[in-house]
Amino acid sequence: MTGHAKADRPNQFLRNLNSKIASIPMILTAVVIFMGGTIWTVVYSFTNSKLLPRLSFVGLDQYYRLWAAPRWVVSIENLAVYGIFSMIFSLVIGFVLAALMDQKIRFENTFRTIFLYPFALSFIVTGLVWQWLLNPEFGIQSVVRSLGWTTFTFDPLYTPSIVIYGVLIAALWQGTGLVMCLMLAGLRGIDEDIWKAARVDGIPMWKTYLFIVIPMMRPVFITTLVIIASGIVKVYDLVVAQTSGGPGIASEVPAKYVYDYMFQAQNLGQGFAASTMMLVTVAIVIIPWAYLEFGGGRKRV
Amino acid sequence: MTLKNANSGLASTDQTYSEPQGAKPRRVISGRNIMLYGTLFVAATYYLLPLYVMIVTSLKGMPEIRLGNIFSPPLEITFEPWVKAWATACTGLNCDGLSRGFWNSVRITVPSTIFSIAVASVNGYALANWRFKGADFFFSILIIGAFIPYQVMIYPIVIVLREIGIYGTLSGLIMVHCIFGMPILTLLFRNYFASLPVELFKAARIDGAGFWQIFLRIMLPMSLPIFVVAMILQITGIWNDFLFGVVFTRPEYYPMTVQLNNIVNSVQGVKEYNVNMAATILTGLVPLVVYFVSGRLFVRGIAAGAVKG
């Protein structure tokens, strides 16, 4: 938006004026909302804002308080467990499904439709469906018990120690279809000659996948990981719908902590500190990725 | 083709496998195929089961739900739960069902989709064809911004909307959806316009067409596919949103997802599982219809926009 170099190239400012005007919404969003908003939140995370934001700085107090709060620690532990498992399982299930789909099977479109449709649904819908399926009184547990297996226990949503795995089951149901699609696109991008060469050399198929195809799909894996990871940090709706953070605080997640402190407990400083920690988490994931993706001068979108 | 060869080699070590006639009958019931389709069917069951249970539950009466199991088909089909979910289910003090949330969601999704696509397509066009100094800088911020958790930016936006005087209203929420749709949509359009032959653009400029003329008369008519993809992306994304809806609107303007959650997770009263499941299906219906109708385009849409998370 600067027109300082006008004297050198008289036409430039005018010629691009339309383009600049057209870009105003983008520039405002980028600078005011994304950059400004983020900086604002980080700055105010060092204040003791309660009901209203105010600039009375208290140093790292909010962060000490945050990490001393059992609920936050549980949230972080949950996020770690949920994150690690959903990354591993999404990649493994997604890749296996994609590899199966890549075998020139019949009804490929039907299977793809079935695997992907949950992705179209809201996390709220997903959460509520799985809340129903995992309901110990009516759901899977009671059905298996009624088949004669009376001691069968499967009630993750009501058992604090494993509730996060109940959330995980729903998340995988919703998200693995997308991973499968990305992986399938990656597999289709592998040159057929690679398979021929591997076959000529007598390499078994699983070895071909493990040592040739997967390394070749590195960019797809990285992109997928970044997508999964940025979704993991944001996980909120699913937990709200499925467990509301319960039983007790057993399935709390950071995003919910932020929301509750900002809009329910009216403790803005805590909310800002917690959201700044979320930002740090994302930065840890994104910076290495950005370095890998764009540092080498190669662009992939 | 090659995959199949590699496979049959593995399964039968028959090196002379090349005649299609010889292999065909064996292929249908080979151990490999049983494994392959067996695994796919088991997986498909896992993905379909919740949908089946939802539908079945929503068609049962409460006595049948309390007695039977969730997988058994309804003995007596009743549409009562659907009617109740749509028209009379209660959230808080209101008892007008999901219909209110549905119309709110429509009133949110339609303008948000139109505005965000209109703005982003022009942005993408400006970035692809009319680069100005600093454009890439702003664009980079925009893309990085897409990865920042929404929670970090929510409160400043609340303040901005409050200052403008649209906090809690539908227009405020529409604006928020436009803002958060911008990174991915702009990227989508920028890449698409950049892929169009540049000669077209140059020829039009030599003929004296300007910024808007080229956009409206040359670029737009050529970009129907990407507009459809962007539309699918926005409709499903905005319809499924929960966080923004709950943060930026008042209860009377809650979108369907928020209302659904309030109906199902309300603590008072007897839990009517059949009504809950009917409500859940109703909420999922719009994105599902988009998904089934658009088919391959949906896949393209999410592949292009998967970063939106």
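1. From the N terminus on, the elements of chain A run α-α-α-α-α-α-α-α-α-α-α-α-α-α. The count for chain A is thus 14 helices and zero strands. The model is predicted.

2. On overall dimensions, chain A has a radius of gyration of 24 Å, whereas the globule rule gives 19 Å for 301 residues; the value is well over the rule, so chain A is more spread out than a compact globule. Along the principal axes, the C-alpha atoms of chain A fill a box of roughly 75 × 55 × 30 Å.

3. On packing, 53% of the 301 residues in chain A are buried. Taking contacts in chain A between residues at least 6 apart in sequence, 65% join residues at least 24 apart.

4. On surface and charge, the area exposed by chain A is about 13,500 Å², and carbon and sulfur atoms supply 67% of it. Chain A carries 22 positive and 15 negative charges, and the mean positions of these two sets are 8 Å apart.

5. On the interface, about 8,900 Å² is buried between chain A and chain B, with 75% of that area given by carbon and sulfur atoms. Within chain A, the residues that lose the most area to chain B are A:Met26, A:Phe34 and A:Trp132; together they account for 9% of what that side buries. The contact involves 96 residues from chain A and 99 residues from chain B.

Definitions and conventions:
Residues numbered from 1 in each chain as written. Chains lettered and ligands numbered in written order. Predicted model: local features only at pLDDT ≥ 70, side-chain atom pairs only at ≥ 80, totals over all residues. Heavy atoms only, no water. Helix = DSSP H or I, 4+ residues; strand = E, 2+ residues; numbered from the N terminus. Rg over C-alpha atoms; globule rule 2.2 N^0.38 Å. Buried < 20%, exposed > 50% of the residue type's maximum accessible area, 1.4 Å probe, protein only. Contact = heavy atoms within 4.5 Å. Areas by Shrake-Rupley, 256 points an atom, 1.4 Å probe, with all protein chains shown as cover. Lys, Arg positive; Asp, Glu negative; His and termini not counted. Charge placed at Lys NZ, Arg CZ, Asp CG, Glu CD. Buried area = accessible area lost by both parts, 1.4 Å probe.
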